[in-house]
Amino acid sequence: MANVIVIGAQWGDEGKGKVTDLLSRSADIVVRYQGGVNAGHTIVVQDQTFKLHLIPSGILYPKTECIIGCGTVIDPKVLIEELDRLESLDISTDNLFISETAHVTMPYHRLIDRAAEERRGNYKIGTTGRGIGPTYADKSERTGIRVLDLMDSVGLREQLQWAIEYKNVILEKLYNLPPLDPEAVIDEYLGYAERLRSHVVDTSLKIYDAIQRRRNILFEGAQGTLLDLDHGTYPYVTSSNPVAGGACVGTGVGPTAIDRVIGVAKAYTTRVGEGPFPTELDGQLGELLCDRGAEFGTTTGRQRRCGWFDATIGRYAVRVNGIDCLAITKLDVLDTLEEIKVCVAYEIDGDRYEHFPRNARQFAKVRPIYKTLPGWQRSTADCRTLDDLPRQALDYLKFLAELMEVPIAIVSLGASRDQTIIVEDPIHGPKRALLHADGTPVSAS
């Protein structure tokens, strides 16, 4: 039995969806613990591509239960569209369960999100405009609507009459937008409630019961470590906690129940939206990584910014998450390069920094210190064991393991499930890995 957290070790978009999907085949339950429709997972199964935003990746396995935890914020319209799309493909959603205490994104959240971002001008954060930040803000302000409120038609009407009246003042006076019709919003959301009612349960109790029965549980978040509200590159962050600790808060599970933390990182680095990015590449090389890696957001379609692997933020992610092994994705994107650079440290005002600086102004001044490694200039897409990899590709992975001081357990070489090198199931197997932190390979037998 193992309870495993899968987290992003960069700025999100690391390929957590594929890794979670791979591990879900051995999991009894997959739990989404934070974020909302501002993030998405893309999973390729044979010739079919699935884009999931709220529903956990495990939904593609018929016997796996999927839970949307209390730390998420739920846009019911989008969730229902996702349910309908899966069901149209003959994928059962009977095993999906929604936390009754998760907060609900309302129309005024989306309107305020987009208007506020526009008002920021040159100080834009890069929000998706999906209402995530304002939903979490209402949660903290204790004026939010929870899923259990949706299930109570009388109580919901009372709450929304006041809430919409209050938000209309903000929409009209601050942003010069037309007011919302309270009755129209109430009727719309009561309709959503009936569609979702059969999925709503006390998920914290459900997870606790599963732990007592020693079932395998996989916890997945959205975004990545550097977008964490408390531990990321603030203010260019999301509004919740993608780090491993967020899994406990976002599901109602104690930290002693967690057995492993798997960090997912690309073989290079990307980020979307605003904010400093020390290893960002401009020009042809950045475009090459973008094109070969299909670096466009699942949710927004926005082009991601691309750069070299940054081991400084990688070591930081290992530290704040307690990562005990890594999954390196998209190694194949680097196949054509003659040489590859890795950021091993930072230079700020002439001083060398081995650790990620928390001061935003200081981080904006960072100059990367690079180590250059030879490329392999050969396709790795068909490699299925370590022995299949070109020597330079294996050396590159060893170097990343040494820098991060954490072993690499999974190597992804494409979007499909089978384009993966994996030694043993991180859920059922012992804590072994493909490459030890000192770069020593482990037998794939």
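Select helix H13 in this predicted model and colour its buried residues, which are Ala393, Leu394, Tyr396, Leu397, Phe399, Leu400, Ala401, Leu403 and Met404. The elements that cover these buried residues include strand S14 (309–310), helix H11 (311–321), strand S15 (325–329), strand S16 (339–348), strand S18 (367–374) and strand S19 (408–412). Helix H13 itself runs over residues 391–404, and because 14 residues at 1.5 Å a residue should span 20 Å, the 20 Å between its end C-alpha atoms agrees with expectation. Step past the end of the helix to Glu405, whose phi is positive, near 60 degrees.

Next, go to the chain segment around strand S20 (residues 420–422), which contains Ile422. Ile422 is partly exposed, with a relative accessible area of 27%, and its C-alpha atom is separated by 9.1 Å from that of Leu386, a residue 36 places away along the chain. Now add Arg384 and Asp418, which form a salt bridge whose closest N and O atoms are 3.7 Å apart. This pair links distant parts of the chain, with Arg384 in the loop between S18 and H13 and Asp418 in the loop between S19 and S20, 34 residues apart. Arg384 counts as partly exposed at 30% relative accessibility, and Asp418 is likewise partly exposed, at 49%.

From there select Arg417, which forms a salt bridge with Asp21, the closest N and O atoms being 2.6 Å apart. Asp21 lies in helix H1 and Arg417 in the loop between S19 and S20, so the pair ties together parts that are 396 residues apart in sequence. Asp21 counts as buried at 1% relative accessibility, whereas Arg417 is partly exposed, with a relative accessible area of 27%.

The next stop is Asp13, in the loop between strand S1 (3–8) and helix H1 (16–24). The unreviewed UniProt entry carries a "binding site" annotation that covers Asp13 and Gly40. Asp13 is partly exposed, with a relative accessible area of 25%, and, leaving aside residues up to four places away in sequence, Asp13 touches Lys266, Thr270, Val272 and Arg304. Extend the selection to the network of salt bridges that links Asp13, Lys266, Glu295, Arg304 and Lys330. Within this network, the side chains of Glu295 and Lys330 meet at 3.0 Å, N to O. Glu295 lies in the loop between helix H10 (283–293) and strand S13 (305–307) and Lys330 in the loop between S15 and S16, so this pair ties together parts that are 35 residues apart in sequence. Glu295 counts as buried at 0% relative accessibility, while Lys330 is partly exposed at 21%.

Finally, colour the chain by its domain assignment, which gives domain 1 (3–76 + 203–422) and domain 2 (103–198). Their centres, taken over C-alpha atoms, are separated by 30 Å, and 22 residues of domain 1 are in contact with 19 residues of domain 2. The two domains bury about 1,600 Å² between them, 59% of it on carbon and sulfur atoms. The count of salt bridges between domain 1 and domain 2 is 1.

To end the tour, select Arg110, which forms a salt bridge with Asp75, the closest N and O atoms being 2.8 Å apart. Arg110 is one of the buried residues of H3, which also include Tyr108, His109 and Asp113. Covering the buried residues of H3 are elements that include strand S8 (103–104), helix H4 (132–141), helix H6 (153–174) and helix H7 (182–196). After H3 comes Gly121, whose phi is positive, near 60 degrees.

Note on methods:
Residues numbered from 1 in each chain as written. Predicted model: local features only at pLDDT ≥ 70, side-chain atom pairs only at ≥ 80, totals over all residues. Heavy atoms only, no water. Buried < 20%, exposed > 50% of the residue type's maximum accessible area, 1.4 Å probe, protein only. Helix = DSSP H or I, 4+ residues; strand = E, 2+ residues; numbered from the N terminus. Contact = heavy atoms within 4.5 Å. UniProt positions renumbered as here; feature names shortened; annotations may be inferred. Domains from an automatic or database assignment. Buried area = accessible area lost by both parts, 1.4 Å probe. Salt bridge = Lys/Arg side-chain N within 4 Å of Asp/Glu carboxyl O. Expected span 1.5 Å × (residues − 1).
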